[in-house]
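Please look over the chain shown here before reading on. The report takes up its fold, its surface and a few single residues.

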Amino acid sequence: MERFIGGSPLSVLVRLIFISLLVGAALAFLGLSPQSLYEAAARFIRSITGLGFGAVREVGQWIIAGALIVVPLWLLMRLFAARK
């Protein structure tokens, strides 16, 4: 288990909390919130679908919803891999 998550569960949890705090502070400094990022992405998708691309709207919303989870996790994994 430790090999899979990159260390002892407690140390990984502490690192994740610390990185989350730094990223949250940076976002707050920039005046961004997760909700505002999601709403901006949703507005972008609505503007594209306003052009008549109904299927793009559905697929785009799934991509954005997935990216809100996948991209931060990928970034965290890359940050942890860079430390080695």
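The sections below go from the whole chain to individual side chains.

## Overall make-up

The model is predicted. Its protein chain has 4 helices and 0 strands. Read from the N terminus, the order of elements is α-α-α-α.

Of the 84 residues in the protein chain, 12% count as buried. The accessible surface of the chain is about 6,900 Å², and carbon and sulfur atoms account for 74% of that surface.

## Helix α2 and the residue after it

Helix α2 covers residues 9-29, which is 21 residues. From its first C-alpha to its last it reaches 30 Å. That is close to the 30 Å expected at 1.5 Å a residue.

Glycine 31 comes just after α2. Its phi is positive, at about 75°.

## The nonpolar patch

One nonpolar patch on the surface has an area of about 900 Å². The residues that make it are Tyr38, Leu68, Ile69, Val70, Leu73, Trp74, Leu75, Met77 and Leu79. Helix α4, residues 54-82, gives the most to this patch, with 8 residues.

An α-helix has 3.6 residues a turn, so residues three or four places apart point the same way.

## Two leucines of the patch

Leucine 68 and leucine 79 are both members of the patch. Leucine 68 lies in helix α4, and leucine 79 lies in helix α4 too.

Is leucine 68 buried, partly exposed or exposed? Its relative accessibility is 38%. Leucine 68 therefore counts as partly exposed, since that class lies between under 20% for buried and over 50% for exposed. Leucine 79 has a relative accessibility of 39%, so leucine 79 also counts as partly exposed.

Along the chain, leucine 79 and isoleucine 19 are 60 residues apart. In the model, their C-alpha atoms are separated by 9.6 Å.

## Aromatic rings

How many aromatic pairs does the structure hold? The count is 0.

A charged side chain does lie over a ring, however: arginine 15 is placed over the face of phenylalanine 80. The distance from arginine 15 to the ring centre is 5.1 Å.

Conventions. Residues are numbered from 1 along each chain as its sequence is written. This is a predicted model: local features need pLDDT of at least 70, side-chain atom pairs count only at pLDDT 80 or more; totals for chains, interfaces and linings use all residues. Side-chain values use heavy atoms; hydrogens and water are left out. Patches are made of residues with over 30% relative accessible area and no salt bridge: like charges are joined within 9 Å, nonpolar side chains (Val, Leu, Ile, Met, Phe, Trp, Tyr) within 5 Å. Accessible areas come from the Shrake-Rupley method with a 1.4 Å probe; for residues, only the protein chains shown count as cover. A salt bridge is a side-chain nitrogen of Lys or Arg within 4 Å of a carboxyl oxygen of Asp or Glu. Helices (H or I, at least four residues) and strands (E, at least two) are DSSP runs, numbered from the N terminus. Buried means under 20% relative accessible area, exposed over 50%, partly exposed in between (1.4 Å probe, protein chains only). Rings of Phe, Tyr and Trp (its six-membered ring) pair if their centres lie within 6.5 Å; planes under 30 degrees apart count as stacked, over 60 as edge-to-face and the rest as tilted. A charge sits over a ring if NZ of Lys or CZ of Arg is within 6 Å of the ring centre and within 35 degrees of the ring normal. The expected span of a helix is 1.5 Å times one less than its number of residues.
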